[in-house]
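Okay, thanks everyone, let me put this one up on the screen. I'd like to walk through its pockets and then one of its helices.

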Amino acid sequence: MLAGRPMLEWSLDALRAAPSIERVVVAVPPGVRYPGAVAGGDSRSQSVRNALAAAGEADAVLVHDAARPLVDADLVERCLAALDGGVDAVIAAAPVTDTLKEAADGIVVRTLDRSRLWAVQTPQAFRRTALEDALDQPAEVLARATDDAGLVEARGGVVRVVESSARNLKVTTATDLKLAELLLADRLPRPPAP
């Protein structure tokens, strides 16, 4: 639950508000019931594959994690629009603001150039054929994937970045949940002034 509603519903509101979205397919973990949802798989990418099979024949598809409830229709539309121009996939991403170090056995090996680094988010938009090709791999390959655009990239696909913000956070910890509730307060109806 997030701000009095199931977290999934915040993302569904944004997707339904995006004019380019014609159909939404939800993949849920085994044992979870949600009206109209399809069964997810053993991995993130297997769940995407199951949802894609139920999504109809659209040339462009969008993948979004319900764990990112602060997505908005504008970001969805910008990702889909950025598919024009010969790319296979588009990722929402925020510029990295922290200094990042690569380390091995607790010893810093190098400092990465953060001016070229992006924190990848969802939504991610795809040419359907590129996503189908990327997902047509053994289960062990799909199980290691942390995002579907990475699978497209690994197969030689062209992936474009659309700038998002850190506001489009992923809720994975109790702290993230509290922060998301604070940020969603802007979207909640305010009681009338006395």
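**Pockets and helix 4**

So, the largest pocket has 38 residues lining it, and Val25, Ala27, Leu62, Val63 and His64 are the ones nearest its centre. A pocket here is an open set of points on a 1 Å grid over the protein atoms alone, where a 1.4 Å probe fits, with protein on both sides within 12 Å along at least five of seven lines; lining residues have an atom within 4 Å of a point. Elements giving two or more residues to that lining are helix 1 (7-17), strand 1 (27-28), helix 2 and strand 3, and helix 2 gives the most, with 5 residues. Helices are DSSP runs of H or I, at least four residues, and strands are runs of E, at least two, numbered from the N terminus.

Quick caveats: this is a predicted model, where local features need pLDDT of at least 70 and side-chain atom pairs count only at pLDDT 80 or more, while totals for chains, interfaces and linings use all residues. Residues are numbered from 1 along each chain as its sequence is written, and side-chain values use heavy atoms, with hydrogens and water left out.

Now, which residues of helix 4 are buried? In helix 4 (residues 128-135), they're Arg128, Ala130, Leu131, Ala134 and Leu135, buried being under 20% relative accessible area (1.4 Å probe, protein chains only). Down the helix axis they fall within an arc of 165°, so they line one face; the arc is taken from the directions from the axis to the C-beta atoms.

Key. Buried means under 20% relative accessible area, exposed over 50%, partly exposed in between (1.4 Å probe, protein chains only).
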